[in-house]
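Visitor: I would like a close look at one part of this model, with its surroundings explained. Please start from a single side chain and work outwards.

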Amino acid sequence: MESNLKTRDKEKAEKLARDYFVQYSARIAKGELLFTINLEQLREKYLEYVSERVEAGIISKGRAENIKIFTRRCVEFLGANKKVGSIEGSDFMEYRAFRQKSKVDITMTVVVNELISIRQMFNWAQKKGIVS
């Protein structure tokens, strides 16, 4: 990892570098992947996988379209540039409220179906080693 410490003072630079090392070590110890793809990149990879499943006749085009829509909602909720390695289950605690703001008459069944599809995307990513 490369970073500009914004100093020419060697002692100050060494201290800043040690501080960064401690910070990144702590993040790694908590299980965070520092060099992961972002959520939009994950979604693109997952949709490629879903398309392959449609072509193989495993899932229908309608189901694939729903997955595309549901995963887009996830990106809208968390942000396209959110690093996949930093996403936790607790990040979805406010998902229902988010969806109700965008669609007042949404049913809980629809929200649950969206969350199931989103969970399937993350489970796939875990199996592929994209997230831990």
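Visitor: In which helix is the place of Phe-77?

Guide: Phe-77 is in helix H3. The model is predicted, so local features need pLDDT of at least 70 and side-chain atom pairs count only at pLDDT 80 or more, while totals for chains, interfaces and linings use all residues. Residues are numbered from 1 along each chain as its sequence is written, and side-chain values use heavy atoms, with hydrogens and water left out.

Phe-77 touches Asp-91, Phe-92, Glu-94, Tyr-95 and Phe-98, where residues up to four places away in sequence are not counted and contact means heavy atoms within 4.5 Å. One of these partners, Glu-94, is 17 residues from Phe-77 in sequence, and the two C-alpha atoms are 9.2 Å apart.

Phe-77 also takes part in the packing of H3 on H4. The axes of H3 and H4 come within 11 Å and cross at roughly 100 degrees. That makes H3 roughly perpendicular to H4. On the H3 side the contact involves Phe-70, Arg-73, Cys-74, Glu-76 and Phe-77, and on the H4 side Tyr-95, Phe-98 and Arg-99. Axes here are lines fitted to C-alpha atoms, for helices over the stretch in contact, and angles run from 0 to 180 degrees between N-to-C directions. Angles under 35 degrees count as roughly parallel, over 145 as roughly antiparallel, 65 to 115 as roughly perpendicular and the rest as oblique.

H4, which spans residues 95–102, packs against H5 as well, at an angle of about 120 degrees and with the axes 11 Å apart. H4 and H5 are therefore oblique to each other. In this pair, Tyr-95, Arg-96 and Arg-99 of H4 meet Met-108, Val-111, Glu-114, Leu-115 and Ile-118 of H5. Tyr-95 and Arg-99 are thus named both in the contact with H3 and in the contact with H5.

Two of the H5 residues in that list can be followed further. Glu-114 lies in helix H5 and, at 2% relative accessibility, counts as buried (buried is under 20% relative accessible area, exposed over 50% and partly exposed in between, using a 1.4 Å probe and protein chains only). Apart from neighbours within four places in sequence, Glu-114 is in contact with Phe-70 and Arg-73, as well as with Tyr-95, Arg-99 and Ile-106. Phe-70 and Arg-73 also belong to the H3 side of the contact with H4. Val-111, likewise placed in helix H5, is buried with a relative accessible area of 1%. With the neighbours within four places again set aside, its contacts are Tyr-95, Arg-96, Arg-99 and Ile-106. Gln-100 is eleven residues from Val-111 in sequence, and their C-alpha atoms are 9.1 Å apart.

H3 has another partner in H2. The axes of these two helices come within 10 Å and cross at roughly 175 degrees. H2 and H3 are therefore roughly antiparallel to each other. Among the residues in this contact are Leu-39, Arg-43, Tyr-46 and Leu-47 of H2 and Ile-67, Thr-71, Cys-74, Val-75 and Leu-78 of H3.

The largest nonpolar core has 26 residues, and those with the most contacts inside it are Leu-39, Leu-42, Cys-74, Leu-78, Phe-92, Met-121 and Phe-122. The elements giving two or more residues to this core are H2 (39–55), H3 (61–78) and H5 (108–127). Such a core is a set of buried Ala, Val, Leu, Ile, Met, Phe, Trp, Tyr and Cys residues joined through side-chain atoms within 4.5 Å. Phe-92, named in this core, is also a contact of Phe-77. Met-121 touches Leu-39, Leu-42, Arg-43, Tyr-46, Thr-71 and Cys-74, residues up to four places away in sequence not being counted.

Outside the helices, Thr-36 is found in the loop between H1 (10–29) and H2. At 9% relative accessibility, Thr-36 counts as buried. Beyond four places in sequence, Thr-36 touches Lys-83, Val-84, Gly-85 and Ile-130. Val-131 is 95 residues from Thr-36 along the chain, with 7.6 Å between the C-alpha atoms.

As for the whole chain, it has five helices and zero strands, in the order α-α-α-α-α; these are DSSP runs numbered from the N terminus, with helices (H or I) of at least four residues and strands (E) of at least two. Of its 132 residues, 30% are buried. Among contacts with a separation of 6 or more, 58% are between residues 24 or more positions apart.
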